[in-house]
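Got your viewer open? Load the model, switch to a cartoon view, and let's walk through it one selection at a time.

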Amino acid sequence: FDSFHETALERYLRDDLGVTDIVICGLLTSCCVLFTAQSAFASGFRVKLFEPACADRSATRHAQTIDTYGSYCFEVVRDLDACFPACHRPPEWGGVLCPPSRGDLFFGGGVSQVSEVSSEEDATLC
């Protein structure tokens, strides 16, 4: 549930890539996304959560997690411009090709909007 738990991810990001800031998104906001964000925060990374690309089993659970933990262990952002300058975004997100900046990393994957999960099988995507 936590991308940092018992992995070399922190060392890789910090030592090998020089990352200082992480943008996180994914499924489930109240579990996998939250645990990863908390670990990144506890490890000293500056953490942003790209809220439009996160979802949970219900919109209510998603909103409760954002309301409880937003501005505590992560900054909630709803605009890609708040996450990355245009030249650091992939072309399919309206960016332009340019050398990536060390210190920034987009981490995770997600959906385009918060929506109800249609089945228990869909809710086990962590």
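For this tour, a salt bridge is a side-chain nitrogen of Lys or Arg within 4 Å of a carboxyl oxygen of Asp or Glu. By that rule the structure holds 4 of them. Keep in mind along the way that this is a predicted model.

**Get your bearings**

Colour by secondary structure. You should find 4 helices and 4 strands, and going from the N terminus they run α-β-α-β-α-β-α-β. The chain has 126 residues, and buried ones make up 36% of them. Now show contacts: of those with a separation of 6 or more, 74% join residues 24 or more positions apart. If you turn on the surface, the chain exposes about 7,100 Å², and carbon and sulfur atoms supply 52% of that area.

**Salt bridges, three stops**

Select D16 and R11 to begin. Their side chains meet in a salt bridge, with N to O at 3.1 Å. Both ends are partly exposed: D16 has a relative accessible area of 38%, and R11 has 43%.

Next, pick D21 and R46. The closest N and O atoms of this salt bridge are 2.7 Å apart. D21 sits in strand β1 (residues 21-27) and R46 in strand β2 (residues 46-55), so the bridge ties together parts that are 25 residues apart in sequence. R46 counts as exposed, at 53% relative accessibility.

Stay with β2 and add R78 and E51 to the selection. Here the side chains meet in a salt bridge at 3.4 Å, N to O. R78 comes from the loop between β3 (75-77) and α4 (80-83), while E51 belongs to strand β2, so this pair links parts 27 residues apart in sequence. Which end is buried and which is exposed? R78 is exposed, at 54% relative accessibility, whereas E51 is buried, at 13%.

**A buried charge without a bridge**

Move on to D56, in the loop between β2 and α3 (59-69). What is the nearest side chain of opposite charge? That would be R61, 4.2 Å away. The cut-off for a salt bridge is 4 Å, so a pair at 4.2 Å falls outside it. D56 is therefore left buried with no salt bridge, going by that cut-off. Show S30 as sticks too, and you'll see that the side chain of D56 makes a polar contact with the side chain of S30, at 2.6 Å.

S30 also leads to the next stop, T65 in helix α3. Leaving aside neighbours within four places in sequence, T65 is in contact with T29, S30, L34 and G70. T65 is buried, with a relative accessible area of 6%.

**Into the core**

Hide the charged side chains and bring up the nonpolar ones. In soluble globular proteins, nonpolar side chains tend to be buried together. The largest nonpolar core in this model has 24 residues. Select I22, F45, F50 and F74, which have the most contacts inside this core. The elements giving two or more residues to the core are α1 (9-16), β1, α2 (29-42), β2 and α4. Which element gives the most? Strand β2 does, with 5 residues.

Zoom in on F50 and look around the ring. Not counting residues up to four places away in sequence, F50 touches V23, I24, C25, V77, R78, D79, L80 and C83. You've met R78 in that list already, as the salt-bridge partner of E51.

**Backbone oddities**

Finally, switch to a backbone view. Most residues other than glycine have a negative phi, and most peptide bonds are trans. Here are some exceptions to select.

- The peptide bond from L27 to L28 is cis, with omega near -15°. You'll find L28 in the loop between β1 and α2.
- E6 has a positive phi, near 50°. Look for E6 in the segment before α1, where this residue is exposed, with a relative accessible area of 74%.
- S71 also has a positive phi, near 70°. S71 is in the loop between α3 and β3, and counts as exposed at 72% relative accessibility.

Terms used. Residues numbered from 1 in each chain as written. Predicted model: local features only at pLDDT ≥ 70, side-chain atom pairs only at ≥ 80, totals over all residues. Heavy atoms only, no water. Buried < 20%, exposed > 50% of the residue type's maximum accessible area, 1.4 Å probe, protein only. Lys, Arg positive; Asp, Glu negative; His and termini not counted. Polar contact = N/O pair within 3.5 Å; in protein donor to acceptor, adjacent residues only side chain to side chain. Core = buried A, V, L, I, M, F, W, Y, C linked by side-chain atoms within 4.5 Å. Contact = heavy atoms within 4.5 Å. Areas by Shrake-Rupley, 256 points an atom, 1.4 Å probe, with all protein chains shown as cover.
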